[in-house]
Amino acid sequence: MNQRFQNELFSHLLHLPVPFFMDEPTGQLMSRLLDDATLFSAILKAIFHNAFLDPLKLLLLTILLAYFNLRLCLIMVVSTFFTFLVIRWMGQRLREISKRIQEKNAAIYSFVAQIFSNIELIKSKNTEKEESGRFYHHIDEFIELALKTLKISLIAQPILQLLK
């Protein structure tokens, strides 16, 4: 599914007018085509796989549990509510950081594309060291954002395990 989606997106991009390519940074387009398309495909697969079966399973199991043990069912409903709150908090934070990660990733793609397309100028001005420093800075910011994502996951996992 991912390959087909990327092929269709690439074909669509090729048919866009030239001014579109003047307004959009090359790195942003590359990031959308190569990274976002893969992520989008995985999300769609997970949604369609889980969105229909999981709520039905949850409802049936809750009814069954209530039939056998109402007190245990109430405990499960309360813990599910708190789990939902943790997941919601984590989702909001991850969404904010993911947006920043995508923007940083696009900036890195644009930066690298710009450097490689102007390599003769960079070499003639002898600015390789400065450009390397700028690249390292971009990568450091990207890693910092990725670590924030990891930190949120590491905080939320024990809480979710406790509520299970």
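Colleague: Phe 135: buried, exposed or partly exposed?

Modeller: Partly exposed in this predicted model. The relative accessible area of Phe 135 is 29%. Buried would need under 20%, so Phe 135 misses that class.

Colleague: What about Phe 111? Buried or exposed?

Modeller: Phe 111 is buried, because its relative accessible area is 6%.

Colleague: How many aromatic pairs are there?

Modeller: The count is three aromatic pairs. In one of them, Phe 81 and Phe 82 sit edge-to-face. Their ring centres are 5.7 Å apart, and the planes meet at 65 degrees.

Colleague: And how do Phe 111 and Phe 135 pair up?

Modeller: They are stacked. The centres are 6.4 Å apart and the planes are at 20 degrees. Stacked needs planes under 30 degrees apart, so 20 degrees fits.

Colleague: Which helices does that pair tie together?

Modeller: Phe 111 is in helix H4 and Phe 135 is in helix H6, which covers residues 128–163. The two parts are 24 residues apart in sequence, so the pair links them across that stretch.

Colleague: Back to Phe 81 and Phe 82. How accessible are they?

Modeller: Phe 81 has a relative accessible area of 46%, so it counts as partly exposed. Phe 82 comes out at 41% and is partly exposed too.

Colleague: Which residues make the nonpolar surface patch?

Modeller: Val 78, Phe 81, Phe 82, Phe 84 and Leu 85. The patch is about 480 Å².

Colleague: Where is Val 78?

Modeller: Val 78 is in helix H4. With 44% relative accessibility, Val 78 is partly exposed.

Colleague: New topic. Thr 83: where is it, and is it buried or exposed?

Modeller: Thr 83 is in helix H4, which runs over residues 70–117. Its relative accessible area is 19%. The cut-off for buried is under 20%, so Thr 83 is buried.

Colleague: What lies 2.7 Å from a polar atom of the Thr 83 side chain?

Modeller: The backbone oxygen of Ser 79.

Colleague: Now the inside. Which residues form the largest nonpolar core?

Modeller: The largest nonpolar core has nine residues. They are Val 86, Met 90, Leu 94, Ile 97, Ile 101, Leu 145, Ile 152, Ala 156 and Leu 160.

Colleague: Which helices supply at least two residues each?

Modeller: H4 and H6. H4 gives the most, with five residues.

Colleague: Why would nonpolar side chains be buried together?

Modeller: It is a general tendency in soluble globular proteins.

Conventions: Residues numbered from 1 in each chain as written. Predicted model: local features only at pLDDT ≥ 70, side-chain atom pairs only at ≥ 80, totals over all residues. Heavy atoms only, no water. Helix = DSSP H or I, 4+ residues; strand = E, 2+ residues; numbered from the N terminus. Buried < 20%, exposed > 50% of the residue type's maximum accessible area, 1.4 Å probe, protein only. Polar contact = N/O pair within 3.5 Å; in protein donor to acceptor, adjacent residues only side chain to side chain. Phe/Tyr/Trp six-rings, centres within 6.5 Å; stacked < 30°, edge-to-face > 60°. Patch = residues over 30% accessible without salt bridge, like charges linked within 9 Å, V, L, I, M, F, W, Y side chains within 5 Å. Areas by Shrake-Rupley, 256 points an atom, 1.4 Å probe, with all protein chains shown as cover. Salt bridge = Lys/Arg side-chain N within 4 Å of Asp/Glu carboxyl O. Core = buried A, V, L, I, M, F, W, Y, C linked by side-chain atoms within 4.5 Å.
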